[in-house]
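Colleague: Hi! I have just opened this one and would love a short tour. Could you walk me through it?

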Amino acid sequence: MSTVILGGGIIASSIAYYLTEQDPSVGPNIHIIESSDALFSSASGYAAGFLAKDWFEPSLLPLGELSFNLHESLSKEHGGDKKWGFMKGVALSLGSTEAAKNGKRGDDWLRSGTSRAETATSEPILTEGPGWLTRQQGTAVERISEGDDVAQVDPLRLSHFLLEKALSRGVKLHQPYTATSLTTDSSNSITGVEIRNIHTKTPATLPCTNLIIAAGSWTPRVFTSLFPTSKTKFPMYPLAGYSLLVNSPRYSEQDEKRVGGSHAVFTTHPPSAGFSPEIFSREGGEIYIAGLNSTTIPVPDRVEDLKRYFDEGQMKKLKDVTIRLMGKLPDGKTESTENVKNENDLTITREGLCLRPVSERGVPFVCRVQDSALGGVMTSNGGGVFVAAGHGPWGISLALGTGRVMVDLVKGDRTVVDVSGLGVEPLGRKAKL
């Protein structure tokens, strides 16, 4: 059997990793099709890398727990603490003291829709923030995670590890290529995928028994192009996000030792910012800040075209908030306010803009697409068409679980955890697998 995976991000790499871990002999029969010139140049490389175990709604909770446990076991087996910065940590909310009294928290924005919230049972506890977080007048820092249910990774390094491991087992990477059409036999069953080199236009045909679409924000477009007569839809929209990587002279390993790992800070401060910053410390002293998002940036033809939508004004807005939340206070000042201009002693190491595929229904698609939903095309015996996309801001956290579950779906086995709420049927109605 031959498996073709459309998309080369962390979801696709996780699928290839776990398919070959279960059976290394299948490696040479797995093909990854990536259309961009550079690997992991969207969310897989530019996301925060925050991991959570139980910050999900009920239908997604089993996958979230599985994935979190796999992140931990993978790190223990392969030294992920050094190779991709895996470390447990704490999640904090930075909000006004008045809001804290009224039960409002800095992560409330995150609690609507897909994450956290109704399933979170812990009460916030007042605590001390990390040394790199500049004290803000009239605010309180609360711990909102419990036990060791959150962690942090560098998604770029993790993505490279997963892909390189899969390639070492014989998986073939075709880059930069795009899938143009399917080939079928006399019974209209899928036999292959036609691909074409983006630059040279050189065509090729790959044998295909299993087709897995894991193309992130491009997934609906890819599915429609290959199955033009299908009425099945994957409603999702691209959530664009700006981000910065910075180094702070106030970063200290003592902060990590005090809490046993990384800090994740969720806040709606300062109110004048107009967005909800999120800040994550990483192994090696790196700090990631994001939260300035946009739903108006369309999905471009290729990820390289995303740069035309990069807004310097929006990036300046994020930089100004970064200085407010992490910059050095002027001499004699102990708290930051709207009237205090912090000094910018931070070093910016990277600016970023990426797209995250957000499912309109609030949970991703991790499923087999039944033959009846393919618009007249059939799959060959033992094969199938599968979709793994729409993970929103949780793509990194859910990647490993998605890869592991996809192994069971491809093999036709009962999945290791219940993902029946993540399926699809014609016209986009959710159905059990």
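Colleague: Which strand is cysteine 367 found in?

Modeller: Cysteine 367 is part of strand 18, residues 365–369. Strands here are DSSP runs of E with at least two residues, helices are runs of H or I with at least four, and both are numbered from the N terminus. This is a predicted model, where local features need pLDDT of at least 70 and side-chain atom pairs count only at pLDDT 80 or more, while totals for chains, interfaces and linings use all residues. Residues are numbered from 1 along each chain as its sequence is written, and side-chain values use heavy atoms, with hydrogens and water left out.

Colleague: Is cysteine 367 buried or exposed?

Modeller: Cysteine 367 counts as buried because its relative accessibility is 0%. Buried means under 20% relative accessible area, exposed means over 50%, and partly exposed is in between, with a 1.4 Å probe and protein chains only. Cysteine 354 also counts as buried, at 3% relative accessibility.

Colleague: How many disulfides does the structure hold?

Modeller: It holds zero disulfides, a disulfide being a pair of cysteine sulfur atoms within 2.5 Å. For cysteine 367, the nearest cysteine sulfur belongs to cysteine 208 and is 16 Å away.

Colleague: And how far is cysteine 367 from leucine 94?

Modeller: Their C-alpha atoms are separated by 37 Å, and the two residues are 273 apart along the chain.

Colleague: New topic, sheets. What is the order of the three strands in the open sheet?

Modeller: The order is 9-10-11, with antiparallel pairing. Strand 9 and strand 11 are the edge strands, each pairing on one side only. On average, neighbouring strands of this sheet are turned by 30° against each other, direction ignored. For such angles, axes are lines fitted to C-alpha atoms, for helices over the stretch in contact, and angles run from 0 to 180 degrees between N-to-C directions.

Colleague: How many bridges join strand 10 to strand 11?

Modeller: Five bridges join them; two strands pair if DSSP finds at least two bridges between them. Glutamate 194 stands opposite threonine 205, which is in strand 11.

Colleague: What about the loops around there? Which residue has a positive phi between strand 9 and strand 10?

Modeller: That is asparagine 188, whose phi is about 65° although it is not a glycine. Asparagine 188 counts as partly exposed because its relative accessibility is 32%. Lysine 201 also has a positive phi, near 65°, and lies in the loop between strand 10 and strand 11.

Colleague: Why point those out?

Modeller: Because most residues other than glycine have a negative phi, and most peptide bonds are trans.

Colleague: Then which peptide bonds are cis?

Modeller: One runs from glutamine 175 to proline 176, with omega near -5°, and proline 176 is in the loop between strand 8 and strand 9. Another joins histidine 269 and proline 270, with omega about -5°, and proline 270 is in the loop between strand 14 and strand 15.

Colleague: Last one, helix 9. Which of its residues are buried?

Modeller: Among them are Met315, Leu318, Val321 and Ile323. Helix 9 covers residues 312–326, and aspartate 311 caps its N-terminal end, with a side-chain oxygen 2.8 Å from the backbone nitrogen of glycine 313.

Key
The expected span of a helix is 1.5 Å times one less than its number of residues. A polar contact is a pair of N or O atoms within 3.5 Å; within protein, one must be able to donate a hydrogen and the other to accept it, and residues adjacent in sequence count only if both atoms are side-chain atoms.
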